[in-house]
Amino acid sequence: MKRCYSTFKKPLNSNHLRLFSLESCKSMNQIKQIHAHLITTGLILHPITANKLLKLLIASSFGSLSYAHQLFDQIPKPDVFIYNTMIKAHAVIPTSSHNSMRIFLSMVRVSGLLPNRYTFVFVFKACGNGLGVLEGGQIRVHAIKIGLESNLFVTNAMIRMYANWGLVDEARRVFDWSLDQDLYSWNIMIGGYVGSGEIGRAKEMFDEMSERDVVSWSTIIAGYVQVGCFMEALDLFHEMQQTGPLPNEFTLASALAACANLVALDQGRWIHVYIDKSEIKMNELLLASLLDMYAKCGEIDFAAKVFHNEYGLKLKVWPWNAMIGGYAMHGKSKEAINLFEQMKVEKVSPNKVTFVALLNACSHGKLVEEGRGYFKSMASSYGIEPQIEHYGCMVDLLGRSGFLKEAEETVFNMPMAPDAIIWGALLGACRIHKDIERGQRIGKIIKELDSDHIGCHVLLANLYSASGQWDEAKAVRQKIEVSGRKKTPGCSSIELNGVFHQFLVGDRSHPQTKQLYLFLDEMTTKLKNAGYVPEFGEVLLDIDDEEDKETALSKHSEKLAIAFGLINTPPGTAIRIVKNLRVCADCHEATKFISKVYKREIIVRDRIRYHHFKDGFCSCKDYW
């Protein structure tokens with residue numbers, strides 16, 4: 001039951017407004033004092049004053065939603081604006097969105113008030129944030145009854161609600177039905193398709209638009225990055241520069257992500273210059289994207305320079321995560337740990353992403369004790385419960401370091417069910433350390449968990465071959481062939497003058513194929529003279545002749561990409577390669593010799609980490 005104040009109302013004049021200026025409140029105590037004074041003077045009965053106090057309680061950093069509710073319950077006759085304020089306050093909190101519906105029902109059933117367009121905008125937001133399809137349908141019916149479904153604001157809110165649920169087709173039906181589709185509606189629909197992974201349909205809508213703003217362009221570019229179509233994302237970014245609006249920080253962050261994944265250093269550098277010349281505001285996410293780009297393009301030292309120059313953003317966690325992750329990828333484990341310790345001095349609170357990067361750094365550096373300590377500190381010191389990705393890092397760290405028993409115990413003691421990726425990491429460690437018995441046991445577990453997981457069978461075959469058990473390895477390979485499933489082919493790419501050249505294993509589709517294979521023959525001879533011996537451990541097992549095995553190894557995708565780089569760049573130029581899988585043992589050994597024989601720095605980014613080859617050595621110290 002609501003508490004009733006005196007029905008006596010005093011006129012609200014300018015003196016009262018100046019006297020009770022709520023904007024001057026700096027603490028909850030001041031709000032309570034003014035609230036008490038408003039009660040004693042009767043001014044709390046004026047809707048404008050009550051709503052102003054409610055908004056302050058909800059929006060200020062020192063406010064209280066529960067106190068706002070107490071105030072709301074004590075207002076005898078709240079108007080539509082007061083109801084809207086309370087509905088909106090709960091709509092933005094997923095765990096409290098049900099309260100928005102409760103207040104809405106009280107508004108229409110108890111108070112008998114007629115909702116306006118803003119009421120529906122806020123309630124649809126609550127439905128999209130936490131309530132279900134049933135509630136959303138009920139609100140939509142009510143909007144139809146009072147004739148507001150076709151209102152532009154209400155329509156856009158409905159489209160956003162369905163898009164948030166992943167019901168993009170229903171959102172599209174609302175969009176097509178609307179008689180007044182504005183730019184915002186189009187952007188919501190494109191964002192909905194992007195969010196559900198339907199990038200093709202998002203692009204179709206984008207192409208249909210007669211008008212596109214920076215949000216339209218940013219959304220579709222981010223969508224291509226999200227689904228891994230990085231070249232298409234950059235193509236759109238270049239088109240935007242020619243025909244579209246000026247990019248903002250969100251557009252540039254997506255473009256940098258595309259550059260990072262393609263190792264397109266020159267284009268990434270251009271974007272950095274553009275940011276500086278155009279005076280784009282450098283926020284924490286844009287800086288993190290810039291650092292990630294430089295790190296993934298092999299320029300980790302320059303990334304560190306940029307990081308230390310942007311002191312104003314050093315109190316935000318994402319740039320720190322980007323740098324720690326960058327150091328981890330490059331095998332600079334000590335630098336990653338030192339940066340984390342500096343982060344603690346700066347009192348920047350880490351998050352779960354920070355610990356994924358930190359544990360990866362420990363794994364790449366074989367820092368077992370440090371990894372154990374940081375893993376334990378997550379919950380004890382920072383209140384962060386380890387997720388499956390953190391357990392995966394620990395299994396990889398322990399397993400690759402030779403602590404196979406502890407790694408297996410870690411998997412069995414996880415509070416969540418391990419997936420095939422976790423077991424695969426342990427199986428990979430068994431291959432490294434030639435633990436066949438454990439590997440067979442884990443292989444059976446993966447097969448039961450995911451019988452179509454071809455990576456498991458390939459790892460098991462490699463485990464047998466690494467241990468010299470060729471018959472067992474061949475039997476596993478034959479099972480793979482009988483199943484008809486294919487291993488993901490190795491693919492390596494290299495950028496030259498803004499153009500990306502991709503090579504598959506044994507690729508003969510490139511215009512320079514003849515020249516490439518002649519160069520490979522010459523290169524193999526030079527490497528052998530320098531002491532290179534091919535590693536046949538993981539070569540195809542149905543090849544019996546040693547010479548044929550050697551020929552198969554020479555056709556690996558990264559060797560083709562490196563040969564292309566050597567042919568088409570001046571002496572002394574660094575070569576940057578991206579591979580979709582881990583570098584095999586033979587290619588790793590061969591690339592060390594190539595860097596020495598041809599006096600080139602070769603930077604290879606594989607699926608897991610970076611390898612900097614120079615003067616016959618690799619930055620990973622042969623631990624990968």
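In what sense do E1 and strand E2 (residues 499-504) pair, and over how many bridges? The two strands run antiparallel, and 6 bridges hold the pairing. This report works on a predicted model.

**Strand E1 and its neighbours**

Strand E1 covers residues 491-496. Of its 6 residues, 6 are buried, so the strand is largely enclosed by the rest of the structure. Buried here means under 20% relative accessible area. Side chains alternate along E1: Cys-491, Ser-493 and Glu-495 point one way. Ser-492, Ile-494 and Leu-496 point the other way. Both sets are buried.

E1 and E2 form a hairpin, with 2 residues between the strands. Asn-497 sits in that turn and has a positive phi of about 55°. Next to the turn in sequence, Leu-496 of E1 stands opposite Val-499 in E2. Further along, Ser-492 has Phe-503 as its bridge partner in E2.

E1 also pairs with strand E3 (residues 575-579). This pairing is antiparallel too, with 2 bridges. Ser-493 stands opposite Val-578 of E3.

The residue pairs are set out below.

| Residue in E1 | Facing residue | Strand of the facing residue |
|---|---|---|
| Ser-492 | Phe-503 | E2 |
| Leu-496 | Val-499 | E2 |
| Ser-493 | Val-578 | E3 |

**Ile-602 and strand E4**

Which strand holds Ile-602? Ile-602 lies in E4, residues 602-605. Is Ile-602 buried or exposed? Its relative accessibility is 0%, so Ile-602 counts as buried. Ile-602 and Ile-577 are 25 residues apart in sequence. In space, their C-alpha atoms are 7.7 Å apart. Ile-577 falls within the residue range of E3, 575-579.

**A positive surface patch**

Which residues form the positive surface patch? Lys-55, Lys-88, Lys-125 and Arg-160 make up the patch. Arg-160 belongs to helix H9, residues 152-165. The relative accessible area of Arg-160 is 36%, so this residue is partly exposed. The cut-off for patch members is over 30% relative accessible area, with no salt bridge.

Notes:
Residues are numbered from 1 along each chain as its sequence is written. This is a predicted model: local features need pLDDT of at least 70, side-chain atom pairs count only at pLDDT 80 or more; totals for chains, interfaces and linings use all residues. Side-chain values use heavy atoms; hydrogens and water are left out. Buried means under 20% relative accessible area, exposed over 50%, partly exposed in between (1.4 Å probe, protein chains only). Helices (H or I, at least four residues) and strands (E, at least two) are DSSP runs, numbered from the N terminus. Two strands pair if DSSP finds at least two bridges between them. Patches are made of residues with over 30% relative accessible area and no salt bridge: like charges are joined within 9 Å, nonpolar side chains (Val, Leu, Ile, Met, Phe, Trp, Tyr) within 5 Å. Accessible areas come from the Shrake-Rupley method with a 1.4 Å probe; for residues, only the protein chains shown count as cover. A salt bridge is a side-chain nitrogen of Lys or Arg within 4 Å of a carboxyl oxygen of Asp or Glu. Lys and Arg count as positive and Asp and Glu as negative; His and the chain ends are not counted. The place of a charge is taken as NZ of Lys, CZ of Arg, CG of Asp or CD of Glu.
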